[in-house]
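User: I am new to this structure and would like a close look at a single part: the charged side chains and how they pair up. Could you walk me through that slowly?

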Amino acid sequence: MSADSMARSVSRTVGVDRVRALQRVLYRCAKQDQGRRFHALFDKVARSDVLERAWREVRANRGAPGVDGVSIDAIEGSGVGDFLDELANRLRAGRYRPRPLRRVHIPKPGRPGQSRPLGIPCVADRVVMAAARIVLQPIFEADFHPTSYGFRLQRSAHHALETVRTTVNWGRTWVLDADIQSCFDEIDHDALLGQIERRVSDRRMLKLLRGWLRAGVFEGGIVSAIDAGTPQGSPISPLLANVALNMLDEAWAGGGQQRLGVLVRYADDLVVLCASEQQAEQAREQAAAVLGLLGLRLHPEKTRIVHLARGADGFDFLGFHHHMRESWRLPGRWYLQKWPSPRAMASIKAKIRERTSRSLAHMPLEHTVENLNPVLRGWGGYFRYGNSGQKFDTIDSYVNQRLAMLASTKHGLRGWNWTTQFDNEWVTSLGVHRFSGTIKPTTAYASR
């Protein structure tokens with residue numbers, strides 16, 4: 001019985017759409033037979049319902065045009081149905097060829113003056129990548145380990161953070177704070193494809209993936225070849241990174257490294273929580289050895305070993321700074337707490353400054369608040385899980401200052417007037433999102 005016919009049966013029985021049913025069947029088959037290699041996957045990428053789902057995902061993420069200059073709005077204007085039909089025909093006929101990535105440099109959040117390269121695929125390539133991810137994700141999801149939290153269904157950064165908190169509180173206070181140097185740019189193509197071929201034998205699917213990895217980068221009028229790395233910024237890049245780094249998760253689960261410490265990985269961000277300094281040193285050696293097989297390396301300056309006991313030191317992970325503090329209820333007992341890191345604070349302040357610039361004084365304040373609130377809600381929604389009260393008060397005060405400065409400029413007043421005329425009550429009356437009272441207990445994300 002083929003996967004398609006099984007998917008139709010699941011769709012009728014369970015009442016889910018055919019794409020979701022296909023994913024369930026692929027996951028179940030992969031989970032039941034861990035040695036199975038799938039040989040008929042490319043035809044599913046070209047299915048109309050899979051491409052339609054992929055288009056909806058790409059459209060929701062928006063994004064800039066690639067090297068061909070074709071935007072999402074342009075495709076919607078000319079007809080999405082015709083665009084997807086032509087794309088499906090090119091895939092089935094073997095005429096689809098990926099275009100080079102358009103290289104852009106975007107600022108690093110919280111790091112003024114620093115940027116990171118990003119490759120933007122064409123919209124057509126993004127749709128096919130999303131379709132391939134829809135098909136491949138459930139197969140590799142069956143192999144992924146509990147130590148991995150990034151870009152996976154029903155897992156989040158907060159699950160990883162809660163695992164860190166509970167593990168440290170149980171006594172593992174030595175931390176390998178590891179930084180993989182240029183992970184998305186340096187993954188060895190042969191090693192990555194070798195990991196993929198453990199599950200995929202479909203030659204057309206492998207050719208498709210190989211084409212994306214070697215499509216090249218367009219910058220300054222020149223197309224440069226890519227010898228390593230994944231197309232960062234593409235829909236399939238997180239899955240490819242997880243497939244490659246699953247080698248580290250497997251080594252930790254099956255090679256006895258678990259005795260060294262608890263690995264917590266979110267994409268290319270990882271920490272190992274250990275009971276002693278010696279274990280942390282050994283964990284660094286083991287991690288470096290496994291990553292070397294993928295063409296990767298630990299950053300010699302950013303990778304460090306931290307001792308948390310009794311608040312001796314702290315580390316940053318997934319946007320939070322982690323530090324042990326003594327309990328005021330139980331003197332002598334120390335517990336791990338977390339709050340927004342200096343980099344996260346600098347990032348949100350930069351976004352606030354951008355949206356409350358004095359150059360916007362000619363605009364209605366309601367317009368400024370409308371642009372500011374989504375940023376505040378998004379940032380606060382992530383960082384409210386933890387011990388962020390003091391940092392939240394700092395941002396509330398900063399928003400007050402910036403809006404008072406803007407209002408003073410608007411009305412031709414001297415000074416900021418943020419403690420007199422444009423005070424906290426005035427800011428609240430504008431409908432500005434406030435962080436006060438929004439903290440949630442971390443146990444809302446219990447470790448699974």
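Analyst:
**Charged pairs and their surroundings**

Let's begin with what is absent: the structure, a predicted model, holds zero disulfides. Two of the cysteines can be placed straight away. Cys183 is buried at a relative accessible area of 2%, and Cys274 is buried too, at 0%.

Salt bridges are another matter, as a search of the whole structure finds 18 of them. A good one to start with joins the side chains of Glu57 and Arg133, at 2.3 Å from N to O. Glu57 belongs to helix H4 (residues 48-61) and Arg133 to helix H7, so this pair ties together parts that are 76 residues apart in sequence. How accessible is each partner? Glu57 is partly exposed, with a relative accessible area of 27%, while Arg133 counts as buried because its relative accessibility of 18% falls under the 20% cut-off.

Next, look at Asp143 and Arg199, whose side chains meet in a salt bridge at 2.8 Å, N to O. Here both partners sit in loops: Asp143 in the one between H7 and H8, and Arg199 in the one between helix H10 (189-197) and helix H11 (203-213), so the bridge ties together parts 56 residues apart in sequence. Arg199 is buried, with 2% relative accessibility.

A third bridge, 2.7 Å from N to O, brings together the side chains of Asp249 and Arg265. It links a helix with a strand: Asp249 lies in helix H12 (residues 237-254) and Arg265 in strand S6 (residues 262-266), so parts 16 residues apart in sequence are tied together. Both Asp249 and Arg265 are buried. Beyond single pairs, Asp177, Arg304 and Asp313 are joined into one network by salt bridges that share partners.

Some charged residues gather in another way. Which residues form the patch of negative charge on the surface? They are Glu52, Asp82, Asp85 and Glu86. Helix H6 (residues 80-93) gives the largest share of this patch, three residues. Asp85 lies in helix H6 and is partly exposed, at 45% relative accessible area.

Finally, a charged residue with a backbone detail to notice. Most residues other than glycine have a negative phi. Arg310, however, has a positive phi, near 55°. You will find Arg310 in the loop between strand S8 (304-307) and strand S9 (314-317), where it is exposed, with a relative accessible area of 59%.

Key: Residues are numbered from 1 along each chain as its sequence is written. This is a predicted model: local features need pLDDT of at least 70, side-chain atom pairs count only at pLDDT 80 or more; totals for chains, interfaces and linings use all residues. Side-chain values use heavy atoms; hydrogens and water are left out. Patches are made of residues with over 30% relative accessible area and no salt bridge: like charges are joined within 9 Å, nonpolar side chains (Val, Leu, Ile, Met, Phe, Trp, Tyr) within 5 Å. Accessible areas come from the Shrake-Rupley method with a 1.4 Å probe; for residues, only the protein chains shown count as cover. A salt bridge is a side-chain nitrogen of Lys or Arg within 4 Å of a carboxyl oxygen of Asp or Glu. Lys and Arg count as positive and Asp and Glu as negative; His and the chain ends are not counted. The place of a charge is taken as NZ of Lys, CZ of Arg, CG of Asp or CD of Glu. Helices (H or I, at least four residues) and strands (E, at least two) are DSSP runs, numbered from the N terminus. Buried means under 20% relative accessible area, exposed over 50%, partly exposed in between (1.4 Å probe, protein chains only). A disulfide is a pair of cysteine sulfur atoms within 2.5 Å.
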